[in-house]
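Me: Could you walk me through this structure, one question at a time? I'd like the reasoning as well as the result.

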Amino acid sequence: MSVFYASNASLLLSHYDLGWHLAAGELIRSEARIPFQDPWAFTLGTKQWFNLSWLWDVIASFIFEFAGYGGLIALVVACGALIVGYLTSACLISGASALATCIAVFVGCLLYPAYEAAPNIYLAASPNVATMLFSVIFYRECLRSAKLLWLPLLMMLWVNLHGGFVLGFMILAVFGGGALIRRDWNKLKAIVLAGGLCFAATFVNPLGWQIYQGVAATLGHFVQGNIGEWLPYSHNIELPGSIPGMIYILAFAALEIRYRASSNIRLEMRILSWMFLALGLHQFRYMSFFFLFSAVPVALHLDQLLPRRLPQLKIQQALLTASLVAACVLPLVVVQIGPAVALPEMLSEQDAEYLQTHLAHSRVLNHWNVGGYLILLTHGSVPLFVDGRAATAYPDELLRDYFKLVHWEVDERSWDDVLQKYRIDAVLWLTGHEQLRQFLVGRRGWKEEHTGLYESVYTRPAMGH
């Protein structure tokens with residue numbers, strides 16, 4: 001799987017928020033403190049910045065400084081390898097055979113990154129990767145009772161790496177419910193104790209109890225209706241790339257129905273699989289968890305389909321040989337892709353240089369997708385309007401105003417209101433948005449000062465250079 005992940009290196013760096021994460025990590029390291037007020041945008045007002053991923057930002061910026069984008073790729077691939085390892089262990093300790101485990105884990109780990117739906121991908125250089133990894137670790141440890149009390153130590157890390165730490169409590173709750181149904185009081189006590197300690201561990205963070213206020217700003221917020229990863233699975237279907245995932249979903253459902261009475265599959269496995277399938281159909285970001293959590297029940301189902309008398313020793317030798325071959329191929333893949341590893345050219349260095357030269361300290365209305373890159377490349381010398389931090393950094397009024405502008409058909413009244421309300425000096429928008437060009441240049445007398453590969457810069461008449 002590491003070979004597959006490394007071969008998609010360009011996609012691993014395509015997350016729109018990577019720019020501001022790197023800039024935030026650099027800022028924290030340089031000032032030796034965590035800022036609670038954003039230093040880059042001019043639209044914040046008095047809004048507090050809830051940086052829920054400050055520790056990931058610091059780690060990523062440190063790796064980037066000394067190892068460049070290649071180091072970030074290595075970090076992501078290493079996390080992916082750990083996920084594969086923990087899922088494999090979860091399958092084996094649940095009683096699945098080596099062959100069934102290999103098939104289920106391979107397919108699940110092939111699908112959960114969702115590379116066909118870029119930039120809404122879930123094994124990428126972003127804090128999401130921490131939540132994917134820790135969710136699998138919690139899942140695997142809850143399958144047994146021996147080491148539940150080390151989960152609070154992991155939670156101390158998780159809560160500072162990504163706001164998705166709340167999923168850990170969902171996993172613990174499902175396994176606690178399963179123990180209650182089976183009247184396994186020892187397991188229930190261990191899970192309740194681990195859950196309580198994990199809750200206490202969440203307060204070991206710079207925001208204290210306000211960490212939950214920051215998480216609440218990302219859940220159930222109106223801004224989700226405008227972000228692809230929060231939209232339904234049907235909105236993110238890409239053909240033919242999504243066909244394997246849809247086939248897997250149907251196969252899982254068929255196996256579950258066919259072997260619904262199987263006693264060797266624990267109730268918790270099925271609950272988590274079906275729960276995240278339902279959540280994933282509702283909001284795309286959760287579908288990746290379905291692919292991960294369903295790997296164990298799928299492996300156990302496959303064991304009932306595979307021939308009983310397979311030569312297990314030969315199978316294990318074949319799998320070991322394949323692993324060794326992949327380990328040898330991985331360095332070659334890394335060497336081959338190395339020179340091409342870079343951020344997407346949504347906002348090039350030439351674009352940033354133009355902005356810094358001509359629009360330093362101006363009020364720039366930028367497109368959401370390039371906000372993170374603008375932060376990374378200009379470090380606040382060109383104040384921005386908005387970026388992917390959404391409600392964790394920007395007031396609701398600002399976000400409502402912005403999302404009135406993102407339709408392909410230009411709402412002239414909304415644009416006029418925003419340009420006047422925020423005293424906009426320049427607009428940094430998608431080059432291909434012809435309707436906006438006709439509105440700004442043709443009907444409002446603005447000038448298209450700079451045209452990049454993906455972004456154009458429009459300046460109001462008094463700002464002409």
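**Around the start of H4**

Reply: Happy to. Ser-53 sits in the loop that connects helix H3 (18-31) with H4. Keep in mind that this is a predicted model.

Me: Is Ser-53 buried or exposed?
Reply: The cut-off for buried is under 20% relative accessible area. Ser-53 has a relative accessibility of 4%, so the residue counts as buried.

Me: Which side chain does the side chain of Ser-53 make a polar contact with?
Reply: Leaving aside neighbours within four places in sequence, Ser-53 is in contact with Trp-20, His-21, Pro-127, Asn-160, Leu-161 and His-162. The polar contact between side chains, at 3.3 Å, is with His-21.

Me: Where does H4 bend?
Reply: Helix H4 (residues 54-93) has 40 residues, and a straight helix would reach 58 Å at 1.5 Å a residue. The end C-alpha atoms of H4 are only 35 Å apart. The helix bends by about 130°, and the place is Ala-67.

Me: Which residue follows H4 with a positive phi?
Reply: The phi in question is near 105°. The residue that has it is Gly-95.

**The core and the strands**

Me: How many residues of the largest nonpolar core come from H4?
Reply: The largest nonpolar core has 149 residues, and Leu-365, Phe-385, Trp-415 and Val-427 touch the most other members. H4 supplies the largest share of this core, namely 14 residues.

Me: Which residues of strand E4 is Val-427 in contact with?
Reply: Leaving aside neighbours within four places in sequence, the contacts of Val-427 include Leu-365 and Trp-415. E4 covers residues 455-459. The contacts of Val-427 that belong to this strand are Ser-456, Val-457 and Tyr-458.

Me: Why is E4 described as largely enclosed by the rest of the structure?
Reply: On one side of E4, Glu-455, Val-457 and Thr-459 are buried, and on the other side Ser-456 and Tyr-458 are buried. Both faces are thus covered. E4 is largely enclosed because the number of its five residues that are buried is five.

Me: How many bridges join E2 to E4?
Reply: E2 and E4 run antiparallel. One pair to look for is Leu-428, which stands opposite Val-457 in E4. The number of bridges joining the two strands is five.

Me: How many residues lie between E3 and E4 in their hairpin?
Reply: Strand E3 (residues 447-451) pairs with E4 in the antiparallel sense over four bridges. Lys-447 stands opposite Thr-459, and Thr-451 has Ser-456 as its bridge partner. The hairpin has, between its two strands, three residues.

**Two loop residues**

Me: Which side chain is joined to that of Thr-431 by a polar contact?
Reply: Thr-431 lies in the loop between strand E2 (426-430) and helix H20 (434-443). With a relative accessible area of 16%, Thr-431 is buried. Its contacts beyond four places in sequence include Arg-437, Thr-451 and Glu-455. The polar contact, at 3.1 Å, is with the side chain of Ser-456.

Me: Which backbone nitrogen does the side chain of Asp-184 reach?
Reply: Asp-184 lies in the loop between helix H8 (166-182) and helix H9 (185-201). Its relative accessible area is 32%, so Asp-184 is partly exposed. At 3.2 Å, its side chain reaches the backbone nitrogen of Lys-187.

Terms used. Residues are numbered from 1 along each chain as its sequence is written. This is a predicted model: local features need pLDDT of at least 70, side-chain atom pairs count only at pLDDT 80 or more; totals for chains, interfaces and linings use all residues. Side-chain values use heavy atoms; hydrogens and water are left out. Buried means under 20% relative accessible area, exposed over 50%, partly exposed in between (1.4 Å probe, protein chains only). A polar contact is a pair of N or O atoms within 3.5 Å; within protein, one must be able to donate a hydrogen and the other to accept it, and residues adjacent in sequence count only if both atoms are side-chain atoms. Contact means heavy atoms within 4.5 Å. The expected span of a helix is 1.5 Å times one less than its number of residues. The bend at a residue is the angle between axes fitted to the seven residues ending there and the seven starting there. A nonpolar core is a set of buried Ala, Val, Leu, Ile, Met, Phe, Trp, Tyr and Cys residues joined through side-chain atoms within 4.5 Å. Two strands pair if DSSP finds at least two bridges between them.
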